[in-house]
Amino acid sequence: MINADKPGRWKSDVADSVRTYNSWFLSAAPQAYRAARAQTARQVRAAFHATHNLASVTPDRLVARPAILPALRMSTAPPIARDRLAGLADVPKSLVMSMENGKIPPRMARPTLEGHLQRICNIITDLLDLDLFPWLASGSSANKRALDIAETVVTDRLCGAVADPIIRNAQEQRQLEVIAEWLNDRGYRQQPHPTSVPLQSMEPGTYSFRVNVVVKGGGDSTVNMPLDVVIQPHHPEQNGFPLLIEAKSAGDFTNTNKRRKEEVTKMHQLRATYGKHVRLILLLSGYFDSGYLGYVAAEGIDWVWEHRIQDLADAGV
């Protein structure tokens, strides 16, 4: 074990991890948020342009620009979450998710699609924030000042709704960069690993990010489990199975304890598929207290702290 069997140093490690995360947050999070906000502002302007400043929210415009849906959801009073929109419009949540990823489901029958889109448009049009878009109530054209204010408000709403994922994604990317730098300095090489190729066939001295690992699902079915990092050491284990890593970061103690079962579930699925020799460790950064650490340690899950990344060497890497 690397850290799971050393509770005597957990307290100091937690304090160091919190300091490291806070330092990163103060220096990098504002920049990550500003970059995301600039991109969001472009999305909002595109939505306004595509709908003639929200005066024409129609199915054909959604077909042409499905990715404008998030901005339209934030243009209502109150703003509508994805699930709420799907429920109000009585449409599949998968349709809403697909549109927000910029796609219209290709296999959906055209009459069915048009009916769904019309109901989405009806809900958005009925709930548009007329105090924010006064030109809609008056039937006049939007002047530049009113339009600038409206675009700013909708952008802030949309960014506020995704603020936590923005920060979490930026921190996860940084964690992967820390791992890559540490591995590259030790002669490792990043190389994609296809899901169709057994993990045991992974070339020694290589690593891959965001790998889908096939595990047993319900009954005889299988599912793809996404893992952040897979590393095949220069000298692989006798069974040939690589080291699996999940990058975890948290800006407070509450959310980590709410989500701690996720790692345990992954470990159980991996062991049920590949046996007890599976090695899954966590790369932790931020607010992970002794309650969280004790819980995952009891399930046989070990971890490395980002502020002491050199502990990866103790995992045979």
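A salt bridge here is a side-chain nitrogen of Lys or Arg within 4 Å of a carboxyl oxygen of Asp or Glu. Keep that cut-off in mind as we walk through this predicted model. Asp5 and Lys6 meet it, since their closest N and O atoms are 2.9 Å apart. Asp5 is partly exposed, at 45% relative accessible area, and Lys6 is also partly exposed, at 29%. A search of the whole structure turns up 18 salt bridges, so let us look at two others.

Take Arg37 and Asp156, which form a salt bridge with 2.5 Å between the closest N and O atoms. This pair ties together distant parts of the chain: Arg37 sits in helix α1 (residues 10–50) and Asp156 in helix α8 (residues 144–161), 119 residues apart. Both ends are partly exposed, Arg37 with a relative accessible area of 25% and Asp156 with 38%.

The salt bridge between Arg308 and Asp311, at 2.8 Å from N to O, has another setting. Are its partners buried or exposed? Arg308 has a relative accessible area of 17% and Asp311 one of 7%. The limit for buried is under 20%, so residues with such values count as buried. Through shared partners, salt bridges also join Asp13, Arg308 and Asp311 into one network.

Now turn to the sheet. Six strands make up an open sheet, ordered β1-β2-β3-β4-β5-β6, with mixed pairing. Why do β1 (189–190) and β6 (302–305) each have one side without a neighbour in the sheet? These two strands stand at the edges, and each has a single partner strand, so one side of each is left without a neighbour. Further in, strand β3 (residues 222–232) pairs with strand β4 (residues 243–250) in the antiparallel sense, over three bridges. You can find Val229 standing opposite Ile245 in β4.

Helices pack on this sheet. Helix α9 (residues 163–184) touches β2 (206–216), β3, β4 and β5, and its direction makes about 115° with that of β2. Helix α1, which we met through Arg37, lies across β4, β5 (279–286) and β6, running at about 60° to β5.

What fills the nonpolar interior? The largest nonpolar core has 37 residues, and Leu244, Leu270, Leu284, Leu293 and Trp303 touch the most other members. Helix α1 gives the most to this core, with seven residues. Trp303 is a good place to centre your view: leaving aside residues up to four places away in sequence, its contacts include Ile2, Trp10, Ile281, Leu284, Leu293 and Val296. Another core lies apart from the largest one; it has 36 residues, among them Val44, Val57, Met99 and Leu113.

Leu293 and Val296, both touched by Trp303, lead us to our last stop, helix α12 (residues 290–298), whose buried residues are Tyr292, Leu293, Val296 and Ala297. Why do these residues lie on the same side of α12? They cover an arc of only 125° around the axis, and that puts them on one side of the helix. The buried residues of α12 pack against α1, α10 (253–258), α11 (261–274), β5 and β6. Two of these partners are familiar from the sheet: β5 and β6 are also strands that α1 lies across.

Conventions. Residues numbered from 1 in each chain as written. Predicted model: local features only at pLDDT ≥ 70, side-chain atom pairs only at ≥ 80, totals over all residues. Heavy atoms only, no water. Buried < 20%, exposed > 50% of the residue type's maximum accessible area, 1.4 Å probe, protein only. Helix = DSSP H or I, 4+ residues; strand = E, 2+ residues; numbered from the N terminus. Pairing = 2+ DSSP bridges. Contact = heavy atoms within 4.5 Å. Axes fitted to C-alpha atoms, helices over the stretch in contact; angles between N-to-C directions. Core = buried A, V, L, I, M, F, W, Y, C linked by side-chain atoms within 4.5 Å. Arc of directions from axis to C-beta.
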